[in-house]
Each structure stands twice: as C-alpha cells, then as structure tokens.
Amino acid sequence: MPASELSHTPFLLMKAARMLRNALEKALAESGITAPQFSLLKQIEQDDGRMTAARAADILQIDRPTVSAVLRRLEDKGMVARTALPTDRRAELLSLTESGRAAVVAATHVTDRLAQEMAALCADEQNQAFSRHLEAIIAFGAQKTGVGI
C-alpha cells in the first residue's frame, strides 16, 4: 500500500471508532444506559465485589473524575452498590445490584446484535483477520503510549 494511503489509516480508524460509538449509543438508548455506563457495568460484573473505582478507571483508561460521575449516575439508577473497604475507608468495592445485572443482560443483547450486523459486512475469515489486526493496533498503541491494555 502506498505511503499516502497508509497515512490516512489512523484517521480512518478514528472516524470508524466515532461512528461505531454513535451507533452503539443509539442502540444502547433502548436499554436506558450509555456506552460508558455499559463499559463500567461490564467491568464491575467481571470483578464483582473486587472492583474499586480507581481500578476501573485504570482498566478502562478513563480519568477518575469521569468514572466517579458515571458511577454516581449508575448509583442513582440503582444499578451499582458501593461497600467501604475495611482496610481503606477511602476506597469502596463496587458491585452490581439486581437492576445492574438486568441492565448488563439487556445491553449485551443490544451489543451482540450490533456486532452481528457488523460481522455480516464481511466473510468470516475477513472478520477474523480484521480482529487480529485491531488487536495488533491496540498492542502497538499500548507500546507507543506506555498505557496497558
């Protein structure tokens, strides 16, 4: 591929990411949560009872004030509960409520449907190659920035 075409690749990836995020936000609206809320709920689900806001911020690569704001909205919706850590009163463990678990299930159906629609754009082998390429790009970005995956 000529260098002039390669130089457009980062911009195409950023545009694709924006468009996909917009599609995801629109699709998630039926679940009553936003993409950042879904990301945080999924992370809490994976480490239920062991996740702190600081750890979630590090894993999701979101600044702590933003995580706190998203958590506050999820708490207001009754989807997340906080429990003080006995060893550190400043930190709190996060867990999903029944409402939070139901929201994750509903939103996962929405994101699965969106992923299926995207996968239908290409043949299976192209999707697999694309996924491998995206993983390589993410690893490259992590190496260049020093930010973990």
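## A salt-bridge network around Asp47

Asp47, Arg50 and Arg55 are joined in a network of salt bridges, where a salt bridge means a side-chain nitrogen of Lys or Arg within 4 Å of a carboxyl oxygen of Asp or Glu. Within this network, Asp47 pairs with Arg50, and their closest N and O atoms are 3.3 Å apart. The model is predicted, so local features need pLDDT of at least 70 and side-chain atom pairs count only at pLDDT 80 or more, while totals for chains, interfaces and linings use all residues. Residues are numbered from 1 along each chain as its sequence is written, and side-chain values use heavy atoms, with hydrogens and water left out.

Are Asp47 and Arg50 buried or exposed? Asp47 has 12% relative accessibility and counts as buried, whereas Arg50, at 56%, counts as exposed. Here buried means under 20% relative accessible area, exposed means over 50%, and partly exposed lies in between (1.4 Å probe, protein chains only).

## Other salt bridges

How many salt bridges does a search of the whole structure find? The search finds nine. Side chains of opposite charge can pair when their charged atoms come close. One of the pairs is Glu75 with Arg82, at 2.9 Å from N to O. Glu75 is partly exposed, with a relative accessible area of 31%, and Arg82 is also partly exposed, at 27%.

Another salt bridge brings together the side chains of Arg101 and Glu98, at 3.7 Å from N to O. These two residues are three apart in helix α6 (residues 98-119), so about one helical turn separates them. Glu98 is exposed, with a relative accessible area of 62%, while Arg101 is partly exposed at 33%.

## Arg101 beyond its salt bridge

Arg101 has further partners to look at in your viewer. Setting aside neighbours within four places in sequence, Arg101 is in contact with Asp48 and Leu96, a contact being heavy atoms within 4.5 Å. For a longer view along the chain, Arg101 and Glu30 are 71 residues apart in sequence, and their C-alpha atoms are 16 Å apart in space.

## Leu41, a buried residue in helix α3

Leu41 belongs to helix α3 (residues 35-46) and, with 0% relative accessibility, counts as buried. Which residues does Leu41 touch, not counting residues up to four places away in sequence? They are Ile33, Leu74, Met79, Val80, Leu96, Ala103 and Val104. Leu96 is thus listed for Leu41 and is also in contact with Arg101.

Val70 offers one more reference point: Leu41 and Val70 are 29 residues apart along the chain, and 9.9 Å separates their C-alpha atoms.

## The chain as a whole

The protein chain has seven helices and three strands; these are DSSP runs, with helices (H or I) of at least four residues and strands (E) of at least two, numbered from the N terminus. Along the sequence, the order is α-α-α-β-α-α-β-β-α-α. Taken along the principal axes, the C-alpha atoms fill a box of roughly 60 × 35 × 25 Å.

Of the 149 residues in the protein chain, 26% are buried. Among contacts with a separation of 6 or more, 52% are between residues 24 or more positions apart.

## Surface and charge

The accessible surface of the protein chain comes to about 10100 Å², and carbon and sulfur atoms hold 58% of it. Accessible areas come from the Shrake-Rupley method with a 1.4 Å probe, and for residues only the protein chains shown count as cover. Leu20, Met118 and Leu121 make a nonpolar surface patch of about 300 Å². Patches are built from residues with over 30% relative accessible area and no salt bridge, joining like charges within 9 Å and nonpolar side chains (Val, Leu, Ile, Met, Phe, Trp, Tyr) within 5 Å. Met118 is found in helix α6 and is partly exposed at 40% relative accessibility.

As for charge, the protein chain has 18 positive and 18 negative side chains, with the centres of the two sets 6 Å apart. Lys and Arg count as positive and Asp and Glu as negative, leaving out His and the chain ends; each charge is placed at NZ of Lys, CZ of Arg, CG of Asp or CD of Glu.

## A backbone detail at Gln61

Gln61 sits in the loop between α4 (53-60) and α5 (64-76). The phi angle of Gln61 is near 55°, a positive value in a residue other than glycine. At 48% relative accessibility, Gln61 is partly exposed.
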